[in-house]
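Please read the points below with the sequence and the structure at hand. Each point takes up one topic and may be checked against the display.

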Amino acid sequence: MAHTVISAKYPPHIDPTRTPLAYGDRAVPRLNRELNDSTLLVRQRAVMSLCDYLHDPEHIAEALAIGTAESLKKLLSDTDLTVRQKATECLFVIGGHAIGRDSFLAQGIVEPVSKLFDDKEDVARRNAHQAIEMISETPLETEEIKILILDTLHFCMAVDTEQALKAGAMEMFTKLLEHKSPVIRAKASRDIMNLSVPLDGKNKAVEVKSVPELVKLLKDKDADVRANAAGALMMITITTKGKYTAINEGKAIQPLVDLVDDEKSEVRLNALKALTCLSEAPEGRKVLLDHVEKIKNRTTDSIPAVVKAANIAVKVITWKP
């Protein structure tokens, strides 16, 4: 006699990885509620369903109105990769619309998304960059977005500087050295340092008059600005052209000497390294001989790297043919 066997498998039209949508205008509120659920599986299914649901532009405004953006913001720090990945994908979709970009800025979502730039999973990093790209299309380019762009370029230039040079990055970074925000000035200086690693970058910095602007920042009130400006000069002055530009046009020696006793170790270190480069030119060595004692005082610094840099600087300055 035949018996009926009930299969353990779901019917073909049911997807177990997604939350079934509620009817009509109850769909989004239910998804938003489940995004904040304490059970991982519920959050996973909800964010998967929401990602599909948001591809219909008509649902974007509805989702934002009930606070879905704030829920997605919380999921960016979730311990589960699937949740983080789909949350950034949802934000990418929302960011494709002007109302979504405005909501991101209002909710302060830019910074949490940027933290995923260092996520250990490639897919999460990719989605984070795509979301930021969408957000940056808004006409209101806030300081927050500029900072994230500078950070993104910093990591990109660690791989390839050629494209950045061709795109006019050195000119743009130099303009930002005068920005009112110390954070942007510091990051622009850092990016000039990154871009000046290859010879073409050093030459470009001299060509676009980056050196005099960097010298001005050596007296900045912000320690990070001073440190990065000294670091950029250190990189540029490796070449002969860079040395003489800093000595003659930038008048960089005295401001750098003043930083030898700076309270921040990174500033002292970069200043000493820059002075070492400048002392390789006869004109620079002649001036720095009057400051040898001050530099020697750093040979007893509490930071080993500063001690090493000071010893090298004294050796180069006092060198005789």
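The numbered points below deal with the nonpolar cores, two buried residues, the annotated repeats and the pockets.

1. On the kind of model. The structure is a predicted model. The reader should keep this in mind throughout.

2. On the largest nonpolar core. This core has 58 residues. Ile-192, Leu-195, Leu-214, Leu-218 and Leu-256 are those with the most contacts inside it. Helix 15, which spans residues 223–236, gives the largest share of this core, with nine residues. Apart from it lies another core, of 37 residues, which includes Ile-60, Leu-64, Ala-69 and Leu-76.

3. On Leu-256. Which residues does Leu-256 contact, leaving aside its neighbours within four places in sequence? They are Leu-218, Ala-230, Ala-271, Ala-274, Leu-275 and Leu-278. Of these, Leu-218 is also listed with Leu-256 among the residues that have the most contacts inside the largest nonpolar core.

4. On Ser-189. This residue has its place in helix 12, which covers residues 182–195. Is Ser-189 buried or exposed? Ser-189 counts as buried, because its relative accessible area is 0%, and buried means under 20%. Not counting residues up to four places away in sequence, Ser-189 touches Leu-177, Leu-214, Leu-217, Asn-228, Ala-229 and Ala-232. One of these, Leu-214, has been named above for its contacts inside the largest nonpolar core.

5. On Leu-76. Where in the chain is Leu-76 found? Leu-76 lies in the loop between helix 4 (68–75) and helix 5 (81–94). Leu-76 counts as buried because its relative accessibility is 4%, and the cut-off for buried is under 20%. Leaving aside neighbours within four places in sequence, Leu-76 is in contact with Arg-84, Ala-87, Thr-88, Leu-91, Ile-109, Pro-112, Val-113 and Leu-116. As for Leu-105, 29 residues away along the chain, its C-alpha atom is separated from that of Leu-76 by 16 Å.

6. On the annotated repeats. The UniProt record, an unreviewed entry, carries the annotation "repeat: HEAT" for residues 210–246 and 252–287. In the model, residues 210–246 are 78% helix and 0% strand, and the end C-alpha atoms of this span lie 10 Å apart. Residues 252–287 are 72% helix and 0% strand, with 11 Å between the end C-alpha atoms. UniProt also lists residues 209–251 under "repeat: ARM", again from an unreviewed entry. That span is 74% helix and 0% strand, and its end C-alpha atoms are 13 Å apart.

7. On the largest pocket. The volume of the largest pocket is about 190 Å³. Ten residues line this pocket, and Ile-149, Leu-153, Met-172, Phe-173 and Leu-176 lie nearest its centre. Helix 9 (143–157) and helix 11 (169–176) each supply at least two residues of the lining. By class, the lining has seven nonpolar, one polar and two charged residues.

8. On the second largest pocket. About 160 Å³ of space lies in this pocket. Its lining includes Glu-111, Lys-115, Asp-118, Glu-144 and Asp-151, together with Phe-117 and Phe-155. Which helix gives the largest share of this lining? Helix 9 does, with five residues; helix 7 (110–114) also supplies at least two. The lining divides into four nonpolar, one polar and five charged residues. Helix 9 thus appears in the linings of the largest pocket and the second largest pocket.

Technical notes: Residues numbered from 1 in each chain as written. Predicted model: local features only at pLDDT ≥ 70, side-chain atom pairs only at ≥ 80, totals over all residues. Heavy atoms only, no water. 1 Å grid on protein atoms, 1.4 Å probe; cavity = no way out; pocket = protein on both sides within 12 Å on 5 of 7 lines; lining within 4 Å. Points joined across faces, edges and corners; volume = space filled by probe spheres on them. Helix = DSSP H or I, 4+ residues; strand = E, 2+ residues; numbered from the N terminus. Nonpolar A, V, L, I, M, F, W, Y, C, P; charged D, E, K, R; others polar. Buried < 20%, exposed > 50% of the residue type's maximum accessible area, 1.4 Å probe, protein only. Contact = heavy atoms within 4.5 Å. Core = buried A, V, L, I, M, F, W, Y, C linked by side-chain atoms within 4.5 Å. UniProt positions renumbered as here; feature names shortened; annotations may be inferred.
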